[in-house]
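Work through the exercises below with the sequence and the 3D view side by side. Try each task before reading its solution.

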Amino acid sequence: MLGPLEVEVDTGGPVELGGPRQRAVLALLLAARGEVVSTGRMIEELWRGDAPPRAIVSLQAYVSHLRRVLEPARERRAPARVLVTVPPGYAIRVPADAVDAGRFETLLAEARTVSSADPGRARLLLRTGLDLWRGPAYAEFAAEPWAQAEVMRLEELRLAARELLLDVTVRCGDAAEAVPEAEALTRQAPLREESWRLLALALWRTGRQGDALAALRRARATLADQLGLDPGPALVEVESAILGQRLDLLPPVTATAPRVDAERPVSEEVFVGREAELAALGQAAAEAVGSGPRIAVLGGEAGAGKTSLLGRFQDELTGRGWLVTVGRCPEVEGAPPAWAWVEALRQLAVEAPP
């Protein structure tokens, strides 16, 4: 069901299910997930309200042919055990794990149960479940009114599984692997705020906080353009955490990873030289303490090490008890006006609320 309709009998490979309407009979019954579908409803759905006079005879023929395909070893006149007659119609009776959709739902439910305590196992379960998909659910019947509710249900579960897989992948320490999948998911389902949240967290975890903020801005623009809504609390919280460097919001990594200080990141970068520049910045800071504000401008070509130098200077000041805030001007279209001040003031507001 997770793709074009396909049936295997006794692991002998796919069997021939007949023409489109006969295939639709089986798909309609499978979509009912074991419940009885009345003969009247089947005729209405299969012929879309324009059934021929002998529709009941045609339906009975389809059922008979399908029974021979589904139970080739059944003796003549023996009662059917798979496609069964149950007044006032028919039903499919197979174990849940005999249908790919049933196996997928079981794996997803188990992954949800263990995801908090064992993200590694949840990751394996989710990958196994998602590998069952061969295309859109009920691919050849997706436009049929009778299939749409089940298609939407299964596709929603598929998106939820992909989001949970992103979450446990980040928590397993593989945020870089999660980024491209999260990007794809936000394009396929741009109104799902959880996908945007996970993309931002994955980018942030890999040290790309600028890209994380840019992703959140795209989410904000998408929601505003298509729904006229502002981002929900979860997205706002992630943005606030990135701007305020609140690392407590990052998902804990369960795999072995370098320790991260709870208050601020510790630079592991090798840093040599630039003693004169550091001394000049230090002098400006000392003068600010004694005489009031000072401004220092640091210039240089791209890649010359400006960011590394300022990061080292920030570490030194923070180690001496200074409160250091940072504001950046994103080089992307649509960056909010005065964003550098917004970043800096939000960080200040954590320590000194307005």
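**Exercise 1.** Is helix H1 mostly covered or mostly uncovered, and how many of its residues are buried?

Solution. The model is a predicted one.
Step 1: Find H1 at residues 20–31, a run of 12 residues.
Step 2: Apply the cut-off, by which a residue is buried if its relative accessible area is under 20%.
Step 3: Count the residues that pass; 10 of the 12 are buried, and H1 is mostly covered.
Step 4: Name them: Gln22, Arg23, Ala24, Val25, Leu26, Ala27, Leu28, Leu29, Leu30 and Ala31.
Step 5: Look for what covers these residues; the cover includes E1, helix H2 (39–46), H3, E2, E3 and helix H6 (145–171).

**Exercise 2.** What distance does H1 reach from its first C-alpha to its last?

Solution. Step 1: Take the span in the model, which is 16 Å.
Step 2: Set it against the expected value at 1.5 Å a residue, 16 Å; the span is close to it.
Step 3: Move past the end of the helix to Arg33, where phi is positive, near 55 degrees.

**Exercise 3.** In what order do the strands of the open sheet lie?

Solution. Step 1: Identify the 3 strands and read their order as E1-E3-E2, with antiparallel pairing.
Step 2: Mark the edges, which are E1 (37–38) and E2 (83–86), since each of them pairs on one side only.
Step 3: Recall that strands of a sheet pair through backbone hydrogen bonds, either parallel or antiparallel.
Step 4: Check the pair of E1 and E3 (residues 89–92), joined by 2 bridges. Ser38 has Gly89 in E3 as its bridge partner.
Step 5: Add helix H3 (residues 55–70), which lies across E2 and E3 and runs at about 140 degrees to E2.

**Exercise 4.** Why does Thr39 count as buried?

Solution. Step 1: Locate Thr39 in helix H2.
Step 2: Thr39 is buried because its relative accessible area is 17%, and the cut-off is under 20%.
Step 3: List the contacts of Thr39, leaving out residues up to four places away in sequence: Ile56, Leu59, Pro88, Gly89 and Tyr90.

**Exercise 5.** Over which residues does pLDDT stay under 50?

Solution. Step 1: Start with the whole protein, where the mean pLDDT is 87 and 91% of residues reach 70 or more.
Step 2: Compare the elements; confidence is highest in E1, at 96, and lowest in helix H13 (residues 339–351), at a mean of 80.
Step 3: Find the stretch under 50, residues 255–268, with 12 contacts beyond four places in sequence.
Step 4: Where pLDDT is low, predicted coordinates should not be read in detail.

How values were computed: Residues numbered from 1 in each chain as written. Predicted model: local features only at pLDDT ≥ 70, side-chain atom pairs only at ≥ 80, totals over all residues. Heavy atoms only, no water. Pairing = 2+ DSSP bridges. Helix = DSSP H or I, 4+ residues; strand = E, 2+ residues; numbered from the N terminus. Contact = heavy atoms within 4.5 Å. Axes fitted to C-alpha atoms, helices over the stretch in contact; angles between N-to-C directions. Expected span 1.5 Å × (residues − 1). Buried < 20%, exposed > 50% of the residue type's maximum accessible area, 1.4 Å probe, protein only. pLDDT = per-residue confidence, 0-100.
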